[in-house]
Amino acid sequence: MDPLVPEVATIRKITPETASADVKTFEVQPDESEVFSYEPGQYAMLSVFGVGECPVSITSTYEPGAPLEFSIKEVGRVTGALHEAQVGHKIGVRGPYGNHFPVKQWQGRRLLFIGGGIGLAPLRSLINYCVRSRENFGELQLVYGARSPKDLCFKEELFDNWPEVSGMQVHLTVDAAGDDWDGEVALVPDFLEELSFSPDDTIAVTCGPPIMIRFTIEALKRMGFADHKIVTTLEIKMQCGVGNCGRCNIGDKYVCVDGPVFTYQELSSLPQEY
Amino acid sequence: MKMAAAGSLLPLMEALSESNDLWAPIVEDGQVVFGRWKGESLPDNYRVTDNSPKELLLPQTESLMRFEGVYDQLDIKEEPIEGPKVAFGVRPCDAAALDLIAEVLGSDDYPDERFGQRKDSTTVVTLACDEAGEHCFCRAVGGSPASDRGSDIMIYPTDEGYLLRAVTGAGQDILRQCESALDPAEGGDVESAAADCEDIEMPLAEEISPDGVTEDWHRVFESPIWEQLAGRCRSCGICGYVCPTCYCFALFDDLRGNSGVRFRGWDSCQFEDYLLMAGDHNPRPTETERTRQRFMHKLHYFVSRWGEYGCVGCGRCADKCPVGIHMLAAIKELEEVV
């Protein structure tokens, strides 16, 4: 079978994440086969037939028999068509693609997750992986922000589930808020620095808008995090997902197969073309 | 070893075409292109065809699959791949380029199914060069006018006629099919015929060399030459279309009513929308970054990934670029900055 031809899958459930529903989480089940096994940080190519294909990080954590979950913000042609899709509709899925967070190497370490907006989607896969094998990791800290309280994704996990996990703390912030928010109002990198985490034996994993990642990395460096202990996951235009179409190179690396997960040390040696 | 009978390749081509889908340099609208053979002799004095034979393995546009339905009752059918072909009169640079693309599209992790099937079923009959063209520089990038890389059969022109040598088993099988069109090459010396081709004059390959020009790639990347080179670029993409080693492709859907096709077509890193993303973010927004990407890819990124230049020195970009931005110009500029 041609690896570029997707498998037909059915949307089983659609959950709006934000008040304006510009982010929705789709539960997807392949029609003809089991869900492939995947690691936190990997992505899949999703098709709306007749519209096209785009890469989307897998936000669920692999569990045999469980559907795939994708949290998708409506930003372009394919994501727009996905947002028009209804439960029961067919889409195409192929994957899993790309590298992943090196969770095995991180066993015993403390992990600091820093997310902004829809950037929490790939981190959610990782966070739930760590939560499920809680004993394998040290302290877990999540710093997460969105433009406003209405734009926070995965509210059930943020407010109910993750704060209950032993040795895990959730720190939320928003860029701007009205009277309905009594939490922190600050940009993620500022809030992060205010909270000031120790870099000792800690890996910082960040994902969000490019500008947030840039300032977050600067803040982490000021806090003493070494370049190889700062990890991020990149987004870029892709066509094939398998290293063949030439699209997504940054220098001699292809985000689709060498990434999307990179350490800041790796990124520093590449051209700033992302 | 065999020799083309009567010193002409026409009987061999006729014999080959009897049981094969034969492709060769042909004249179309006054230009020499690589196309389906129509029964004529090879054009006189052609150097390289306007288009490269890469399109036999990676067509300019092809459909990957057909589908019925959009959101509902979806039925997908993969598009079958056409039958075997013989590519005749391929130049050594172009044959090597097919091998070079296979480094990427044939790599172990995710081999490109369609490219791989076509590569396996295409027999490449290469005609070594007895003269270099105006823009030829294969020797400067590790190639040779007599190279058998990527070829199943080599044909060496000599004063007495054409000497043939099978490079692969597939080449041997095809030669056996056409025995009647060939003579035994008694006394013919294939090694000296190859050496004669090997040694042809190629002034450009003496003049320019990309070796070492990207050693300090950070400095090369930041060099002002890219802006100067790119100043005239029209983002037309002809460089990538004629290039035998450019393999970038895009996927796109065409929907008519309820049935559609997913196509794959060549793309070019010189196009503005190549990396334009939803939300209007573009990591390579101007001709400067895009021009740099093209040459950095062939002279540095490809080297660091695959251990050789992503250029075979065919000179088509120099032939075709309407504003003179091509590999020769880039190498000359780079030699000056390093």
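**Exercise 1. Which residue in E8(B) does Val125(B) stand opposite?**

Please keep in mind that this is a predicted model. Find the partner of Val125(B), then place the pair in its sheet.

*Solution.* Start with the residue: Val125(B) stands opposite Ile153(B) in E8(B). Next, look at the strands. Strand E7 (residues 122–127) of chain B and strand E8 (residues 153–158) of chain B run parallel and are joined by three bridges. Now step back to the whole sheet. Eight strands make up an open sheet of chain B, ordered E3-E2-E6-E7-E8-E9-E1-E10, and the pairing is mixed. At its edges are strand E3 (31–36) and strand E10 (182–184) of chain B, each of which pairs on one side only. On average, neighbouring strands of this sheet are turned by 30° against each other, direction ignored.

**Exercise 2. Describe the helices that lie across this sheet, and check the span of H3(B).**

*Solution.* Take helix H5 (residues 169–177) of chain B to begin. H5(B) lies across E6, E7, E8, strand E9 (161–166) and E10 of chain B, and runs at about 130° to E9(B). Then turn to H3(B), which lies across strand E6 (85–90) and E7 of chain B and runs at about 150° to E7(B).

For the span, count 1.5 Å a residue: the 14 residues of helix H3 (residues 92–105) of chain B should cover 20 Å, and the end C-alpha atoms are indeed 20 Å apart. Finally, ask how covered the helix is. In H3(B), 12 of the 14 residues are buried, with under 20% relative accessible area as the cut-off. Among them are Cys93(B), Asp94(B), Leu98(B), Ile101(B) and Leu105(B).

**Exercise 3. What is the strand order of the four-stranded open sheet of chain B?**

*Solution.* The order is E5-E4-E12-E11, and the pairing is antiparallel. The edge strands, each pairing on one side only, are strand E5 (75–78) and strand E11 (249–256) of chain B. Neighbouring strands here are turned by 25° against each other on average, direction ignored.

Zoom in on one pair: four bridges link strand E4 (residues 61–68) of chain B with E5(B) in the antiparallel sense. Within this pair, Phe67(B) has Ile76(B) in E5(B) as its bridge partner. To finish the picture, add helix H4 (residues 113–121) of chain B, which lies across E4 and strand E12 (259–266) of chain B and runs at about 130° to E4(B).

**Exercise 4. At roughly what angle do the axes of H11(B) and H13(B) cross?**

*Solution.* The axes of helix H11 (residues 287–306) and helix H13 (residues 327–337) of chain B cross at roughly 75° and come within 11 Å. The range 65 to 115 degrees counts as roughly perpendicular, so H11(B) is roughly perpendicular to H13(B).

Now list who meets whom. From H11(B) come Phe295(B), Lys298(B) and Leu299(B); from H13(B) come Met327(B), Ala330(B), Ile331(B) and Leu334(B). Sorting this contact by class gives six nonpolar, no polar and one charged residues.

**Exercise 5. Which strands of chain A pair with E6(A), and where does a cis peptide bond fall?**

*Solution.* Begin with the pairings. Strand E1 (residues 7–16) of chain A runs antiparallel to E6(A), joined by four bridges, and Thr10(A) has Lys90(A) as its bridge partner. Strand E3 (residues 43–48) of chain A also pairs with E6(A) in the antiparallel sense, over four bridges; there, Met45(A) is partnered by Arg94(A). As for cover, seven of the eight residues of strand E6 (residues 90–97) of chain A are buried.

Then check the backbone. Gly95(A) and Pro96(A) are joined by a cis peptide bond, with omega about 0°, and Pro96(A) lies in strand E6 of chain A. Another cis bond joins Gly259(A) and Pro260(A), with omega about 10°. Pro260(A) sits in the loop between helix H6 (255–258) and strand E15 (261–263) of chain A.

**Exercise 6. Is Asn45(B) buried or exposed?**

*Solution.* Asn45(B) is exposed, with a relative accessible area of 76%. Its place is the loop between E3 and H2 of chain B, and its phi is near 55°, a positive value in a residue other than glycine. For chain A, try Ser196(A): its phi is near 50°, again positive in a non-glycine residue. Ser196(A) is partly exposed at 48% relative accessible area.

Notes: Residues are numbered from 1 along each chain as its sequence is written. Chains are lettered from A and ligands numbered from 1 in the order in which they are written. This is a predicted model: local features need pLDDT of at least 70, side-chain atom pairs count only at pLDDT 80 or more; totals for chains, interfaces and linings use all residues. Side-chain values use heavy atoms; hydrogens and water are left out. Axes are lines fitted to C-alpha atoms, for helices over the stretch in contact, and angles run from 0 to 180 degrees between N-to-C directions. Helices (H or I, at least four residues) and strands (E, at least two) are DSSP runs, numbered from the N terminus. Angles under 35 degrees count as roughly parallel, over 145 as roughly antiparallel, 65 to 115 as roughly perpendicular and the rest as oblique. Contact means heavy atoms within 4.5 Å. Ala, Val, Leu, Ile, Met, Phe, Trp, Tyr, Cys and Pro count as nonpolar, Asp, Glu, Lys and Arg as charged, and the others, Gly among them, as polar. Two strands pair if DSSP finds at least two bridges between them. The expected span of a helix is 1.5 Å times one less than its number of residues. Buried means under 20% relative accessible area, exposed over 50%, partly exposed in between (1.4 Å probe, protein chains only).
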